[in-house]
Every structure is written in C-alpha cells, then in structure tokens.
Amino acid sequence: MSNADIALMAHLMRRAGFGASRNELEQKVAQGYESVVEDLLNPGSPNAMPDDLIRRFHVDMAEMRELNSAGAYWIYRMVTTDNPLEEKMALFWHSLFATGYSKLNQARSLMNQIDTFRRHSMGSFHTLLVELSKDPAMIIWLDNNDNHKGDINENYGRELLELFSMGIGNYTEDDVKECARAFTGWTLGNAEYMATRASRDSIWPYSRIAWHFQYRDHDHDDGEKTFLGQTGNFNGEDIIDIIVRQEASARFICTRLFQFFAADEVTEAGEAVISDMMATYFDSKYEIRSVLRTLFNSAYFKSDDPRFARVKGPVELVVGAVRLAGTYREPTFGADQLARYTLYMGQGIFQPPSVEGWHEGSEWIDSGALVERVNFVGKELGDPRNPGVQALIDRMSADVDGPLSGAAQVDACADLLGPIVLSDTTRTSLSEFAGEQGAADLREGSRTEADDQRIANLLRLLTATREYQLA
Amino acid sequence: MTTAVAAGAVEYLKTIGLTTNQSGRGFTNPYDCAFTSDGRILILNRCDTVRASLVRIGMMNWEEDYLGEFSRGYGRGDGQWIFPVAMAVDNSTVVYVTDEQQHRITALDTQGNFVRQWGELGTDSGQMNAPAGIALSGDQTLYVVEQGNNRVQRFTTSGESLGMWGEAGDGPGQFNMPWGVGLDSSGNVYVADWRNDRVQKFTADGQFMASYGSSGTGDGQFSRPSGVCVDSAGYIYVSDWGNERVQILDPDGGFVQLLRGQATLSKWAQDFMSVNPDERNTREMSNLTPELPAHLDTPYLISSQIEPYFWGPVSVRLDSEERLYVVESNRHRIQVYQRRKD
C-alpha cells in the first residue's frame, strides 16, 4: 500500500466525505478506489445516531423549533453517518438552493427540506427540481404562496432559472413571467394561516405546525404559455422538463458540482472535466450520481491539480474535526453549540446570507473566521482524552521504535492528519516548537500522559496551518 | 382521534396550557404534572436550551386559573435543575424532582424553598445515573427509575435508599433506558421500559409480575413508551412516545383503547386568539387535520404537522378524580381525558 494511494484516498474522502482516519483509509485503499467511489455513490443504511436517543436527550431537537437545534441535529447526522457523500450532497443542495430560517421561522420544515435533498441527492436533477418546487419551505422563502392565477409573483420563477438551474443570460424576462404562471397554484396547506404565523414568528397556541405541499387547481393558470421557445398549456413539471434539457442547465449544475467537489477555481483542465460531466448529464438523463462518478473517476480529480485546491467550508471543517476527534458520538450536553460554531465561522446552517447562498472558496477566510476555525479544531484535536485523538496517538505509538524528535513528531502528525504536505517554513517552525516541548516517547511502557499531551499540543498547532485548512 | 367509544371508554375532556417564551402563564416544554390535595395542578417545565433559565414548576387549577410558579432556577446550585424529567408530591406538599443531568433528586416546597437534595453519579446504593421517572406510594416511598443504571431505586422522602432492582437487558426484570413509573392501588410498580418497547409490572419490592407489549405500531405494541399510570380499576395508561399516542390496557394488559390526541383551544389559547385576530381568522379557515404527503408519514412527522394530535407525549398522570393528563412536551400543553362513568 503506497503513500500515494493513501494520499489519493484521503483526497477522495475529504471531498466526498468529511475526511477519514488512517485505519479507514487503509481499509478503503485495500478495497480499491473505484469500488469505494461506488459505495459512496450508492449509500446503504447510514447507521447514524438514532433519532429516539437524540429526541429523548435534547428536548429542543425533539420539538425542532429553534434554528440551532435543527443545525446541530443535522451535524449529529453528518458526524455519525456511514454515508458521508449523502450528507455532503445534502449540504451542497442546501448551499445551492439556500433557504433561510429568518423569513420562515420554521426549523422542522427546513429539516424536512434537507430530508428531501438527501432523498434525491444523487438521483435525477429533474425529480429534484420538481421536489424543490413542491417544498413548502422554498415556497414561503420565495413567495410562491403569493403566486396566483391572474396575479403572479415572479420570485420563485426567476430564481429557479437564475440561481437554481441555468444562470442569468440564458432566458428572457418573458420566460420568467411564463415560468411563474406555470407555478401558480403550487402552495402549501393552509397557506394563509401558515404565512401569517411565519411573518409574525408565532409559536402560539401550541408551537409550530410543520408545513406540507398543496396544489390548488383553481388557482393554477392553465392557459397557453411560451417558455424558451416552446408553447403549450404548461404546468410546473412541464417547465422543469424544458429546463433540464438545456445545455445551460448542464453547464450550470456540472460547474457547481465541480467547484464543490474538485476545486474552487476552474482551470483549463477543469473545463475539460466539466465537459465530460455535461456529456454524462445528458447520457444518464440528468442523473447526478452518474455525473459525480465521471468527476471522481477522472484523471484530473486523481491528479495533483485539485489536491488541496479548496478551502474547507465551515461545516466541513467542524464535522471533519469532530469525526476525527471521535466526540459527539452520542447525545452530548451542549451539542447545540456546534451549529453556533459554524455560524461564527461564516456558515450558519439555515442562515445563508441571501438566496444566492454563501460565497465560498477564499471568502470563507477572514481574520475573525480564521480565529474561530483554528480555535474550534484546536480544541477538538488538542485534547488527548478525546477518543479519536487517543486512537491517533495509539496508531503513532504502534509504529515507533524510539523517542520521537521534534521533527519526527511533526512528520508523524502531518502524516496521520492527512497526509498533509507542509511547506518547509511551516515544518521548520513546528519542529522547533516540538523540539522545545521535548522528545515524545510513545513506546509501550514508556508512554506517559505528558507524551500524549505533547502530541496533542502539536496537533492543535497543525490545525492552524494553511495546509490543514484546505481540503 | 380515538377508537370507537364504548361504554366505560375514555373520553376527551379538554386541553390546558399554552406555549410561552417567558415565565408566568403558559408552559415551556412541560415534562410532567402532579396534583396537590388542595386542588392545584403542578406542571414541570423542562425548557429547551434557549429558554433553560425558565425552568420552573407552574401552578394552576382545573378552572385554568394561573396560580404562580416556583423554582430555584437553572444551574448546579442547591435545588437548581439542568434537565428535570419528572416529579412527585408528598403528603406535606413537598415536591420531588428528578434531574437526569445532575443525577439527583431535589425537594422543594411550593413556595420554592429548598428542602433537600440527594444523589450523585454512580452505581452504589443512593447514587444514581440519569434518574427519570418518579412515583410516590401511599406509604410515602419514592420509586425512582434510573435510565443510566437500568434499575428502579426506592427511597424514603428523606433520601435514604431502601434498595433497588433491575439491570441492563431485555429479559424479565431487565431494562433498556427505562423512563416513567406508575403505581397501582395495591402498590405494584409499572415501569415504562423505554428502549425495550414494553411496560413491566413488579411487586412493591421488585418481584417481576408481568410484561406488556412488544415493538411495533399495532394495538398493544409500543415504540419507546415514556410514561405509565394505573387507575383504581386497574386500567393501565401508557404514553406511547415513539408512536405519538396513548394506549389503554385492561388490568391483565389486554389492549382496550387508543388515543391519538384531539386537542382543542385551552382557555389560555382562546385568550390569545381573542387578541390576535389575524391568526384567529386565518386559523378558522384552515383544515388542521389535512391529508399529508407520503414522505412525511412517520408518527413524529405527522404530529409535527397535525396540531390536535399528541406530539411528544412524555408523561401520563391521573388526578384524584381519575382524570387522565397527557403531557406533551413539543406542544406545550396537556390534553385531559376521563373514563366515562356508565
């Protein structure tokens, strides 16, 4: 098993998941790259933390009234699932179809939206857009409950074309209006009462009432419409039929997937991969699973080009650190704080800055966010009592035949944290720090709590490096 | 929704309570209720993390008059609570509250004065691990169910341990994260064996007598039962938490009746609606028991969408007139039922 194989698998698991421990990486390398990709694309049971345990311990996650309760509930799932790509895709769709709590005041329905994203995460883009159009949280978010026969509200129709499928420049203002007409009557049950409660942030008399889709035939404009050059008595599903057939839609969705999973910046080599993904999109009848398969199995994805070419998003960073530290594996006092940490880092779950979602890539990093990122990960990985940290030190301990010098400690930690490749300057600085702490003797019989703490201190510092903050 | 009402069946009476984000009139994640001999209804408000500082016991009467509240506040000081679960009231109107986070029992009087507390994390006699349900027998013995130690421990009201029974497992007398406890008029003990999806019956000193139910959604089956109480005729009432319903069993454990919940506006809720016409008017034109999409069809998700149904029924208790109180944490209210006297 070569270091290159381990490094490639680590790359895949950072992108298609939230990272993996060395033992997991070795198992996956033994399984084979393409086989692992297939497992990721075809998830089985998630084996995530059971709902009954969460709801018994966390009364707030049972009622799901609060924003951060819902966010932390989802983070529990991301931390404990066996299907990391499924959650990563749900996060991708949440970033793309960004829906915010502030207008809805309805965390349970936002979680239902995430369940919809998860259920259709890698299936047909057509199906997903239909389900998105029926999602009551989206309906309220973009005012489709106010889109009536003879009195259209264009908001959802416009964003469906501009932000969710084709991108600006690929349709006309008339197309927007015709699209909106086609989605008249697509609303939620008891829309008037639910919208009133949402606007007043009302929890009375008996807490929130979660939402469901309702189609009102009498409020649907069944007249003739012309959309992207085609004419008919289109309903919403007909519009989506037309949208998904557009090359602009293929380019839009494949580019967004590329930027989320491969690299923040699209190079010439990246453009070629996007073209392949677009071909797969049409060949597979718009199946996201097939598009991702093309990406993950491409020579480009496996090359050095996209390696560490993305800034970890805050949710990825938090979940990755917690998974590696082995914490929060059971209902834990204060877990709702996890959602707050991602907010402090700039990505509050269900709190996108606008309907356009988050500005990703290097924009994740500013001085305030960086401090939060470093502090959180350092706290998780700098405590040798955390089971994942203990396992990492145990792993290191198994491979040593003498006390580890400062430089040897740095190399061992960088290897097990990624492997990540440190710049010479960073490695030298960390080695000096480790040298000042003293040698760590991890051999059985010699290993002490002080040795473990030395390694944990070094891990804490390593998480502050540029290299660790990239995926 | 109930099954067909037969002679002697349990019928809906009314709903009490109202959501509140502040102290005073209203409930905040109610987790249990209890009754004093002078006619007060006590409601234990566990509160979620955002409103943790509001943890308290509210007081009202059957006529729904608000009678005040008391607590020592949220925290780890004497008499304070973090995650209170259940309570019992003794002959002297001292209230005993379990706290599953602090592994202890706290005793307060109804003016909020600290009386005593006992317990710490551990497995020895007098120690506890995540105490949940609590019940008080006629001879003033406290029965405390320990979620973490999978046992029932008996105490005097002074906090002296009188022994314990139970261990982890799914056999007779074994438990898996048990929650609520109730006593019948003979002093037998019924435990909601939460993760074993059953109710177990014991003698007062812990001899196994019977087990009722299995995992499932059918009549007489349970999903994570949270609470249990028994009336003077021996009928057993179980809050079937995971199925979001209440089941009634006969004294031999046979299925009798199912309650799904049929909440109406409480007096406090009517007061709210009377001064909020926008919500009242749009509510009146709504269908609050709609047909739902198939992907939202678990009991939990159905209850999140259909307001009259039970959502988070965490406790069932009977008052001195044998009215059945179903405490709903997620809906911040109590639905009250009573067996028809034919």
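This tour moves through a predicted model, stop by stop, with a suggestion of what to select at each one.

**Chain B as a whole**

Begin by selecting chain B and showing it as a cartoon, in which three helices and 26 strands can be picked out. The radius of gyration of chain B is 19 Å, close to the 20 Å that the globule rule gives for 342 residues, so chain B is as compact as a globular protein of that length. If you turn the C-alpha trace of chain B along its principal axes, it spans about 60 × 45 × 40 Å. Colouring by burial would mark 46% of the 342 residues of chain B as buried. Among the contacts in chain B between residues at least 6 apart in sequence, 46% join residues at least 24 apart.

**The sheet β10 to β13 of chain B**

Next select strands β10, β11, β12 and β13 of chain B, which form an open sheet in that order with antiparallel pairing. Its edge strands are β10 (131-136) and β13 (161-165), each of which pairs on one side only. Neighbouring strands of this sheet are turned against each other by 20° on average, direction ignored. To follow one pairing in detail, keep β10(B) and β11(B) (residues 141-146) in view, since these two run antiparallel and are joined by four bridges. A useful pair of residues to label here is B:Ile134 and B:Val144, the latter in β11(B), which stand opposite each other.

**The sheet β20 to β23 of chain B**

Move on to another open sheet of four strands in chain B, with the order β20-β21-β22-β23 and again antiparallel pairing. Here β20 (227-230) and β23 (255-259) stand at the edges with a single partner strand each, so one side of each is left without a neighbour in the sheet. The average turn between neighbouring strands of this sheet is 20°, direction ignored. Within the sheet, β20(B) pairs with β21(B) (residues 236-240) in the antiparallel sense over four bridges. Label B:Gly227 and you will find it opposite B:Ser239, which belongs to β21(B).

**The strands β24, β25 and β26 of chain B**

Now select β25 of chain B (residues 323-328), a mostly covered strand in which five of the six residues are buried. With β24(B) (residues 313-318), strand β25(B) pairs in the antiparallel sense over five bridges, and B:Val316 stands opposite B:Val326 of β25(B). Four residues lie between the strands in the hairpin of β24(B) and β25(B), where B:Glu322 takes a positive phi near 60°.

Then add β26(B) (residues 333-339) to the selection, which runs antiparallel to β25(B) and is joined to it by six bridges. In this pairing B:Leu324 stands opposite B:Tyr337, a residue of β26(B). The hairpin of β25(B) and β26(B) has four residues between the strands as well, and there B:His332 takes a positive phi near 55°.

**Where chains A and B touch**

Bring chain A back into view and select the contact between the chains, which takes 26 residues from chain A and 35 residues from chain B. On the side of chain A that touches chain B, at least two residues each are supplied by α5 (59-63), α9 (107-119) and α14 (191-200) of chain A. Coloured by type, the residues of this side of chain A divide into eleven nonpolar, seven polar and eight charged.

**Helix α26 of chain A**

Stay with chain A and select helix α26 (residues 449-462), whose 14 residues reach 20 Å from the first C-alpha to the last, close to the 20 Å expected at 1.5 Å a residue. The buried residues of α26(A) include A:Arg454, A:Ile455, A:Leu458, A:Leu459 and A:Leu462, and A:Asp451 and A:Asp452 are also among them. To see what surrounds these buried residues, show α22 (367-381), α23 (387-398), α24 (406-417), α25 (424-437) and α27 (466-469) of chain A, against which they pack.

**A last stop at A:Gly348**

Finally, centre on A:Gly348, which is placed in the loop between α21 (337-344) and α22 of chain A. Is this glycine, A:Gly348, buried or exposed? With 22 C-beta neighbours inside 10 Å, A:Gly348 counts as buried. Leaving aside residues up to four places away in sequence, A:Gly348 touches A:Thr342 and A:Leu343. For a distance check, draw a line from A:Gly348 to A:Asp39: the two are 309 residues apart in sequence and 30 Å apart in space, C-alpha to C-alpha.

Conventions
Residues are numbered from 1 along each chain as its sequence is written. Chains are lettered from A and ligands numbered from 1 in the order in which they are written. This is a predicted model: local features need pLDDT of at least 70, side-chain atom pairs count only at pLDDT 80 or more; totals for chains, interfaces and linings use all residues. Two residues are in contact if their C-beta atoms, placed from the backbone, lie within 7 Å. Ala, Val, Leu, Ile, Met, Phe, Trp, Tyr, Cys and Pro count as nonpolar, Asp, Glu, Lys and Arg as charged, and the others, Gly among them, as polar. The expected span of a helix is 1.5 Å times one less than its number of residues. A residue is buried if 20 or more other C-beta atoms lie within 10 Å of its own, exposed if 12 or fewer, and partly exposed in between; C-beta atoms are placed from the backbone. The radius of gyration is taken over C-alpha atoms; the globule rule is 2.2 Å times the number of residues to the power 0.38. Two strands pair if DSSP finds at least two bridges between them. Axes are lines fitted to C-alpha atoms, for helices over the stretch in contact, and angles run from 0 to 180 degrees between N-to-C directions.
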